[in-house]
Amino acid sequence: MPAIAFSPQQLKTEILPSIHTDDESGYVSGSSSETSIPDVFFTKPHLRFLNRQLQNLEPQDILRWCITTLPGLFQTTAFGLTGLVTLDMLSKMKIPRPQQVDVIFLDTLHHFSETLALIDRVRDRYPLVNIHVYKPAGISSPEQFAQQYGEMLWESNDQLYDWAAKVEPAQRAYRELQVNAILTGRRRSQGGRRGDLDIIEVDEAGLIKINPLANWSFQQVQDYIKANNVPYNDLLDQGYRSVGDWHSTQPVQAGEDERAGRWKGQQKTECGIHNPRSKFAQFLRQQELKKQEEALEKALQSGMRIES
């Protein structure tokens, strides 16, 4: 059955407001606080069909399909090996400027110095690539972050840390840059929840996520980096494989999964930006209720002191 096409105005005024959790749609929307309307809509059967077709293509072919099919396409990366491979592949496609894929980098203010140094080398190597840097709202340094949220927020409240350092900046970037689709560096061989990754995913707010190297192994990625002399993070020569914030990243031991050095000893495998948005909406509601309860308790205690 062919997908039914609606104009953006129809989607905005008639269709999306009535959508909540339709299992046959390509994504869940309507209840989101975001007001942007996606330019591309996939029905669920269409999404399954596309994943079957793209599954057998090489990453470069998947990237070409994305460029010619998806408006508002960006790459999100922390400049790990897979993201660097994608960046290099795109640079070799001779894409006209209006269609070039810009990069979004979330500066959590807690990256390794080696990661920040790599960004300068990437800019030198790929001068035509625009890198949009987004930081926690209204904060420009680790000291300001600690002043706002307290010392070591990642230990005292890791969900709030993920929201403040990663999720909110990402959502702000998508809104301000009018992002409809993103290229990610996730692969099935990274294990955990990524083991059954599709080439194309669509999140609750309608954001299309493409994982062009989903089928590649770490060895394939590493071989491409070496063969094409792609700049990479110096930490990878020190036993690291997946590099995130300095406080939650360790070298990987022999025989461990590629991402075993991330959040070691914790029941956590994702940083937040690839978790369901509804999870963070619920978390923020709980945080607000907690603040209200604390304020009420404080007011009651103050009143009791006055009476006595």
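Hi everyone, let me start with one pair of residues: Ile-182 sits opposite Lys-209, which belongs to strand β6. Before I go on, please keep in mind that this is a predicted model.

So where does that pair belong? Strand β4, residues 181-183, and strand β6, residues 208-210, run parallel and are joined by 3 bridges. β4 also has strand β1 as a partner, again parallel and again with 3 bridges.

Let's move over to β1, then. This strand covers residues 73-76, and its side chains alternate: Leu-73 and Gln-75 point one way, Phe-74 and Thr-76 the other. Are these residues buried or exposed? All four, Leu-73, Phe-74, Gln-75 and Thr-76, are buried.

Gln-75 is a nice one to click on. Towards β4, its bridge partner is Leu-183, and in β2 its bridge partner is Val-103. That second contact is part of the pairing between β1 and β2, residues 102-106, which is parallel and runs over 3 bridges. If you follow the chain from β1 through helix α4, residues 81-91, to β2, you trace a right-handed β-α-β unit.

Now let's zoom out. What is the order of the strands in the sheet? It reads β3-β2-β1-β4-β6-β5, an open sheet of 6 strands with mixed pairing. At the edges are β3, residues 131-134, and β5, residues 200-202, each pairing on one side only. On average, neighbouring strands of this sheet are turned by 30° against each other, ignoring direction.

To come back to where we began, the Ile-182 and Lys-209 pair lies in the β4-β6 part of that order. Thanks for listening!

Key: Residues are numbered from 1 along each chain as its sequence is written. This is a predicted model: local features need pLDDT of at least 70, side-chain atom pairs count only at pLDDT 80 or more; totals for chains, interfaces and linings use all residues. Side-chain values use heavy atoms; hydrogens and water are left out. Buried means under 20% relative accessible area, exposed over 50%, partly exposed in between (1.4 Å probe, protein chains only). Helices (H or I, at least four residues) and strands (E, at least two) are DSSP runs, numbered from the N terminus. Two strands pair if DSSP finds at least two bridges between them. A crossover is right-handed if, with the strands pointing away from the viewer, the path from the first strand over the helix to the second runs clockwise. Axes are lines fitted to C-alpha atoms, for helices over the stretch in contact, and angles run from 0 to 180 degrees between N-to-C directions.
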